[in-house]
Structure formats: structure tokens, C-alpha cells
Amino acid sequence: MDRYTKQTIMKGVLWASALITISFLVIIIGFIVYKGAPAISWEFLTEAPRRSGRLGGIFPAIVGTIYLAGLAVLVATPIGVGGALFLTEFSKESKFTRFIRFGADTLNGVPSIIFGLFGFAFLVYYMGFGISILSGGLTLAFMILPTVFRTAEEAIRAVPRWDKEGSYALGATKLQTIWHVVLPQSISGIVTGIILGLGRAAGETAPIIFTAAILNPVLPESIMQPTMALPAHLYTLTSEGISMQNAFGTALVLIVIVLVFNMLVSLIRKKKALRR
Amino acid sequence: MKQMVKMEVHDLNLWYGSFHALKDINMKVYKHKVTAFIGPSGCGKSTLIRCLNRMNDLIGNVHVEGRVLLDDKNIYDKDVDVVNLRKRVGMVFQKPNPFPMSIHDNITYGPKLHGKKRGLDELVEEKLKDAALWSEVKDILGQNAMDLSGGQQQRLCIARCLAVEPDVILFDEPCSALDPISTGKIEDLINELKRHYTIVIVTHNMQQAARISDYTGYFYLGELKEFNKTKKIFTNPDNPETERYITGKFG
């Protein structure tokens with residue numbers, strides 16, 4: 001076999017790999033839409049579940065997911081962006097900064113069920129927050145912190161040195177330079193990280209099943225109360241064999257929410273690419 | 001005739017890590033004069049100019065010894081406010097680096113940092129006129145500065161620097177990214193500016209140094225080989241190495 005034939009065959013193999021990657025996405029989404037669409041109705045989206053979710057809708061779960069993911073982002077954003085600013089603008093490259101970065105990457109690799117277990121032991125019991133939105137939101141915040149942190153760090157690092165020097169040369173302090181030059185130029189990257197975190201926080205089940213989620217068809221009244229959440233509800237509906245159709249309906253709603261976040265991310269990136 | 005000294009460099013040494021980049025530099029910057037630093041790449045001329053407003057502080061792993069006096073006060077003393085120093089010693093960079101904001105906001109950036117709130121529009125006009133840019137941009141002050149040409153951007157950066165009313169302006173190869181016409185405009189401008197400001201310029205271009213400067217320092221491998229009046233350096237240098245460089249025999 002001559003080398004051109006080999007190349008042609010290899011090209012085919014690589015093309016197939018690319019095709020398989022995209023087909024998984026198409027198959028999964030197609031399947032979810034096919035199985036879940038019949039469950040979707042106005043009532044399904046706006047009513048509380050009845051008889052453990054066999055009937056009724058998933059409204060409290062949608063609201064709960066928004067609360068949980070929202071709280072997670074609210075907590076993780078200032079810490080993540082603050083840490084990233086410290087690493088990029090306030091410290092010189094050293095063992096310490098490498099250790100922080102290594103720590104963030106390791107935290108990113110910790111399985112989500114471990115976060116769940118930690119949240120349960122530390123927040124629910126030790127801190128006494130109980131099974132609540134607070135416990136679940138904080139657990140999710142720990143989980144998405146490395147994503148927010150590392151994306152923000154990369155975005156901030158990408159701000160050109162000469163732009164910052166231009167500001168310093170005019171007698172700006174570090175904080176003034178960060179506020180007027182660094183953040184405006186890195187904000188789209190930072191927001192990207194936040195939205196990625198939001199999508200991840202909305203979709204994870206393991207961190208919330210021990211810390212926040214219950215099957216209780218009422219809306220929570222404070223963050224000290226437990227709540228329903230889409231992924232956990234989906235888990236219950238499936239594992240208890242309550243209603244496969246409603247499980248797929250819930251899955252469809254969840255996947256739409258996550259996809260919308262992801263599309264927002266690529267929209268921001270495209271807009272940023274245009275501006276450059 | 002005795003010239004007024006604005007800045008003085010005494011026994012200045014600088015290391016990047018273990019690399020000895022500036023060796024025992026001694027020189028004076030005279031008030032209302034243009035002082036040029038010339039020499040081949042990597043000779044330390046940019047490093048020295050960045051010592052004059054402590055820009056090197058921003059880079060990690062830099063160690064400086066010696067003194068740099070501004071109006072007889074050592075700018076490397078512990079009690080010196082670096083922010084205030086950079087207000088007095090402004091800088092224009094090699095690559096035009098306007099902020100990605102409007103022309104107007106580029107000019108007001110510095111003054112606003114230092115608390116100026118009124119008379120900003122008048123200031124913008126005045127400084128743009130001083131930088132010979134007003135006639136070209138007076139109708140588009142709200143436009144993004146990134147849309148200007150390279151030469152206009154560089155004059156905007158000069159105007160931006162003038163807006164914080166410095167005593168000294170450092171130019172770090174300000175024309176190396178510009179075409180000859182834009183370069184000519186910047187040179188004319190520097191000639192104009194020296195009436196009110198003290199100017200230090202690093203340049204790759206020997207003819208430029210000869211055209212616009214009053215004093216010239218020739219650097220080689222981190223040493224100041226010769227410092228003298230520009231006329232003297234270019235007609236009858238003391239150091240044969242300087243002569244070989246300015247006559248283009250090496251470098």
C-alpha cells in the first residue's frame with residue numbers, strides 16, 4: 001500500500017471520529033426531544049408535581065434549579081475572579097502561585113459525588129445549614145469555583161502588557177488599572193467562565209441530592225429550606241420508575257437550559273472575535 | 001554655559017535575575033533638552049529609560065542598585081510614591097497603545113484618575129492641539145481610538161501623556177512602528193514639546209537621534225560608552241567604538 005493510499009484511509013478514519021463525536025450529540029438530543037416532547041405542556045412547566053411526579057408538572061424543580069445555580073454563581077464569581085486577579089496582577093510567578101493553580105485544577109478533577117458528600121458532612125451537619133438551598137448552592141459553588149477561576153485567569157492574562165503599562169505610565173494604581181483597563185478587556189472571558197459554571201451547576205445531580213434536593217412539590221420560601229431541582233427530580237422519576245415520560249420531559253427542559261447557556265457562551269466568543 | 005539638570009543617574013546597575021543588564025551608568029538629563037539613547041539591540045537603552053519612571057518595577061525578578069535623581073530627589077528612595085513619580089515622568093511606548101475607548105476618554109483617563117472632574121473638554125482640545133492631532137480628530141472625539149491610523153494613535157498617546165502634565169516625557173522607540181511621514185510628524189512634535197518638557201528618547205535610528213536630540217548616549221552591552229552633546233557624538237566622538245557604530249561599521 002503506498003503512502004498516499006495510507007493517507008486517504010487515515011483521513012477517512014479521522015473524518016469518522018469527527019462524525020461520531022457530533023452524532024452522539026445529535027442522537028442524545030434527538031432521543032431526548034423525541035421521548036420528552038410529548039410530556040411538555042404549559043401545565044408541565046407551570047404546575048407542581050402531583051403523586052410523586054407521576055402527574056402534574058415540574059415548576060418547583062425549575063425554580064429550585066435557578067435558585068441553586070444562581071446561588072452557586074453568586075458565591076463562586078467574586079471568589080474566582082478575585083483569586084484570578086490576585087494570581088495575575090498581584091503576585092509574581094512563584095511556587096505559591098503554581099500551588100494555587102495546581103489546587104484549582106485538582107479541585108476541578110474531584111468527582112461531583114465527593115463534593116456532595118463533603119457538603120452533606122460539612123455544611124448540612126457540621127455547619128448546621130441542614131438540607132437547604134444554602135447547603136446545595138454552596139456545594140455547587142465549590143464545584144464550579146475552579147472553572148470560574150481558571151477561565152477568569154486566562155481572560156485576564158490575555159490583556160496585553162502594553163495596555164496595562166499605558167495605564168501605569170499615566171500614574172494609575174494597580175486597582176485603577178484593573179478597574180479601567182484589565183476588567184473591561186477581560187469581562188467577556190470572565191462571563192464565559194461564569195456561564196459555563198452556571199450550566200454545570202444547573203445540570204449536576206450528585207452535589208445536591210444529599211444537600212438540597214427533596215421531592216417536595218412546594219416552592220421554597222427561604223434559602224434555609226430544601227428545594228426540588230431538575231436533575232434530582234429526573235433521578236427520582238427514573239430510579240423509582242415513577243414516570244419515564246415525565247423523566248424525559250424533565251430531561252428536555254434541563255438540556256434546553258444548559259444548551260441556552262452554552263449558546264450564550266459561543267455568542268459572547270463570536271462577538272469578541274469580531275471586535276478584535 | 002551651564003545647563004539645568006532635570007534628572008541624574010548615579011552608578012546605576014540593574015540585573016534581570018542573574019543577567020547584568022546595566023553596568024555603572026552615570027549620566028545627566030538636561031532640562032528642556034532632548035536626550036537620545038542609541039545603540040544596538042539589547043544594549044540596555046530601553047532598560048535604562050524604563051528605570052527613569054520605574055516601569056521596571058512591574059517586571060518580576062529585577063534588581064536595581066544606584067540612584068536616579070529627579071530634581072535632586074532619588075526616585076528609588078523608600079518614601080517615593082511611584083504613582084506620583086509616573087505622573088511627573090510620563091512615557092510613550094514603542095507600540096502605540098491607546099486604550100480601546102473613545103479618543104476623548106483616552107485623553108481624560110489620566111486626569112480623571114488624579115481626581116480632575118471639570119474642564120475636561122477644554123483639556124482634551126488643548127492637549128490634542130499640543131500633540132498636533134486636533135485638526136484631524138476634532139469631529140470624531142467620540143470614536144474609538146483603535147480606529148485611528150498608527151501615527152495618529154501614537155500622537156494620541158502623546159496627548160494622553162501630556163494630559164497629566166508631566167515634567168519629563170520618555171519616548172521608548174516611538175517611531176519604530178510608524179511610516180516615514182508619521183515619523184516626521186512625531187519628530188516635529190518632539191522638537192516643539194521640548195520648549196515645555198524635558199525629553200528622553202530611545203531610538204534605533206541614528207539619523208533620528210542626530211536630527212532631534214541635543215545630547216546623545218551610546219550604549220553597548222549594558223554600558224554607557226559615551227555621553228555627550230549630539231553634535232560632538234556625531235562629528236567627533238571621543239570613543240572609537242562610538243564612531244564605528246555611528247558610521248555604520250557595525251550594529
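# A tour from helix α4(B) outward

Select Asp121(B) and Glu122(B) to begin: these two residues of α4(B) are exposed, on the other side of the helix from its buried residues. Keep in mind as you go that the whole model is predicted.

**Stop 1: the buried side of α4(B)**

Now select residues 120-130 of chain B, which form helix α4. Which residues of this helix are buried? Colour Leu120(B), Leu123(B), Val124(B), Lys127(B) and Leu128(B), and you have them. Turn the view until you look down the axis of α4(B): the buried residues fall within an arc of 125°, so they line one face of the helix.

What do these buried residues pack against? Show α3, α5 (134-137) and α6 of chain B, since those are the elements that the buried residues of α4(B) meet.

**Stop 2: just past the helix**

Move along the chain to Ala132(B), which follows α4(B) and sits in the loop between α4 and α5 of chain B. Its backbone deserves a pause: Ala132(B) is not a glycine, yet its phi is positive, about 55°. For background, most residues other than glycine have a negative phi. Is Ala132(B) buried, exposed or partly exposed? With 42% relative accessibility, Ala132(B) counts as partly exposed.

**Stop 3: another positive phi**

Next, pick Asp24(B), which you will find in strand β2 (residues 19-30) of chain B. Asp24(B) is a residue other than glycine too, and its phi is positive, near 45°. Switch on the surface here: Asp24(B) is exposed, and its relative accessible area is 52%.

**Stop 4: where the chains meet**

Zoom out and show both chains. How many residues of each chain are in contact with the other? The contact involves 26 residues of chain B and 18 residues of chain A. Between them, about 1,700 Å² of area is buried, and carbon and sulfur atoms give 65% of it.

Select Arg50(B) together with Glu165(A). Their side chains meet in a salt bridge, with 2.6 Å from N to O. Across this interface, the count of salt bridges is 1. There are also 5 residue pairs in polar contact between chain B and chain A, with both residues of each pair at pLDDT 80 or more.

To highlight the elements on the chain B side, select α2 (82-88), β6 (89-92), α3 (103-113) and α6 (150-162), each of which gives two or more residues to the side touching chain A. Colour that side by residue type and you get 15 nonpolar, 5 polar and 6 charged residues.

**Stop 5: chain A as a whole**

Hide chain B and show chain A as a cartoon. Its secondary structure comes to 11 helices and 2 strands. Follow the sequence from its start, and you pass two helices, then the two strands, then helices for the rest of the pattern. The C-alpha trace of chain A spans about 65 × 65 × 35 Å along its principal axes.

Chain A has 276 residues, and 44% of them are buried. Among its contacts with a separation of 6 or more, 74% join residues 24 or more positions apart.

**Last stop: Thr147(A)**

Finish by selecting Thr147(A) in helix α6 (residues 133-157) of chain A. Buried or exposed? Thr147(A) is buried, as its relative accessible area is 18%. Leaving aside residues up to four places away in sequence, Thr147(A) touches Asn108(A), Gly193(A), Leu196(A) and Arg200(A), so show their side chains alongside it.

How values were computed: Residues are numbered from 1 along each chain as its sequence is written. Chains are lettered from A and ligands numbered from 1 in the order in which they are written. This is a predicted model: local features need pLDDT of at least 70, side-chain atom pairs count only at pLDDT 80 or more; totals for chains, interfaces and linings use all residues. Side-chain values use heavy atoms; hydrogens and water are left out. Contact means heavy atoms within 4.5 Å. Buried area is the accessible area (1.4 Å probe) that two parts lose on being put together, summed over both. A salt bridge is a side-chain nitrogen of Lys or Arg within 4 Å of a carboxyl oxygen of Asp or Glu. A polar contact is a pair of N or O atoms within 3.5 Å; within protein, one must be able to donate a hydrogen and the other to accept it, and residues adjacent in sequence count only if both atoms are side-chain atoms. Helices (H or I, at least four residues) and strands (E, at least two) are DSSP runs, numbered from the N terminus. Ala, Val, Leu, Ile, Met, Phe, Trp, Tyr, Cys and Pro count as nonpolar, Asp, Glu, Lys and Arg as charged, and the others, Gly among them, as polar. Buried means under 20% relative accessible area, exposed over 50%, partly exposed in between (1.4 Å probe, protein chains only). The arc is that of the directions from the helix axis to the C-beta atoms.
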